[in-house]
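Here's a quick look through this one, as promised. Keep the 3D view open while you read.

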Amino acid sequence: MKKTIQWLAVLLGVQLLLALGVGFSDSALSVSQQGGALLSFDKTAIDRITLEGPEHDKLVLVNKDGRWRLPEAGDFPADSERVTQLLDRLAGLARGDVVAASRSAHARFKVGDAHFERRITLARGDTPQATLYLGSSPALRRLHARRQGDDAVHIVELALFDLPLRVSDWQDKALLTLPPTEIAAIDIDGLRIERAQQDASWTARPLPEGMRVNSDAAVRLSRQLADLRFDAVLGQEAKPEFGLKTPLLHLKLTRRDGTTVDYLLGQAAGQEAYTLKVSSHPEYFRIPNWSAQELLAAARREALLEAATADTAASADRSQ
């Protein structure tokens with residue numbers, strides 16, 4: 001009985017050594033490939049980013065004259081902040097746990113040369129600087145990843161929704177915005193309201209007798225114009241369904257430097273779809289319904305003017 005126990009102990013020891021040996025080899029692999037940056041590239045040298053998906057979807061971002069653009073959308077400006085964040089994340093991507101180190105495992109984790117969830121190619125001109133394959137997700141905001149030229153499959157902190165393939169997701173939605181302080185005057189419905197440089201108060205001309213500018217309403221309208229954002233770019237061709245032949249709103253904005261911008265807002269017949277044309281851009285824009293309705297409400301002449309009190313009327317007479 002004693003000898004049997006000794007043999008069992010020896011057998012258990014051998015099994016433990018074998019298990020430790022396998023574990024050591026795996027951990028050695030992980031330790032040898034963990035830590036440090038997964039990709040090596042110079043962010044300042046990258047001027048072309050290509051994102052590809054599993055269904056041959058493809059999106060290209062190109063830096064032209066210091067601005068990121070979307071060549072597939074007529075070089076429409078891209079959200080440069082989002083592009084910069086992407087480059088920062090890729091540059092800071094750490095090599096996480098290694099889950100496989102053989103080429104045969106690439107298909108299983110969807111990081112193969114031909115089968116992947118995302119392939120990201122960072123290039124300088126036509127010369128690739130780094131290529132990353134992203135595949136299946138083992139956990140929330142985690143992806144299996146492999147860099148080109150390396151068979152090791154890592155787990156990295158990234159999510160596919162950070163890498164959309166639709167052009168609209170990368171367009172600069174703030175393209176139409178401007179600092180409110182740059183607005184010097186707004187012409188609308190035969191009325192010109194102007195912002196005074198010295199105290200930011202608002203005046204109007206021609207000012208109907210017994211009326212004055214509603215300063216709160218003027219500020220509201222200027223902020224609506226300053227903060228305009230769009231949902232979609234509708235191309236550069238005018239279409240009847242834009243409703244711009246009989247616009248709901250037509251106003252002119254004058255900036256501090258003297259330049260002017262015309263705004264036309266139309267609505268599709270029988271639909272709650274609003275199209276904006278801004279003279280400083282060749283495109284037509286779809287803006288959110290709530291934004292269009294707030295702009296229309298803020299631009300009403302009766303909202304911009306209010307009855308003057310006796311004191312303000314007397315002050316207006318003296319200024320004339």
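The notes below cover a sheet, a helix and some salt bridges.

1. Before you start: this is a predicted model, where local features need pLDDT of at least 70, side-chain atom pairs count only at pLDDT 80 or more, and totals for chains, interfaces and linings use all residues. Numbering runs from 1 along each chain as its sequence is written, and side-chain values use heavy atoms, with hydrogens and water left out.

2. Look at the open sheet: nine strands in the order 4-3-2-1-6-7-8-9-5, with antiparallel pairing. Its edges are strand 4 (76-77) and strand 5 (98-100), each pairing on one side only. Strands are DSSP runs of E, at least two residues, and helices are runs of H or I, at least four, both numbered from the N terminus. Two strands pair if DSSP finds at least two bridges between them.

3. Zoom in on strand 2 (residues 58-64) and strand 3 (residues 67-70), which run antiparallel and are joined by three bridges. V62 has R69 of strand 3 as its bridge partner.

4. Now the salt bridges (a side-chain nitrogen of Lys or Arg within 4 Å of a carboxyl oxygen of Asp or Glu). The whole structure has 18 of them. In one, R119 meets E52, with the closest N and O atoms 3.0 Å apart. R119 sits in strand 6 and E52 in strand 1, 67 residues apart.

5. Try another: E306 and R212 also form a salt bridge, at 2.8 Å between the closest N and O atoms. E306 is in strand 19 (residues 305-307) and R212 in strand 13 (residues 211-213), so this pair ties together parts 94 residues apart in sequence.
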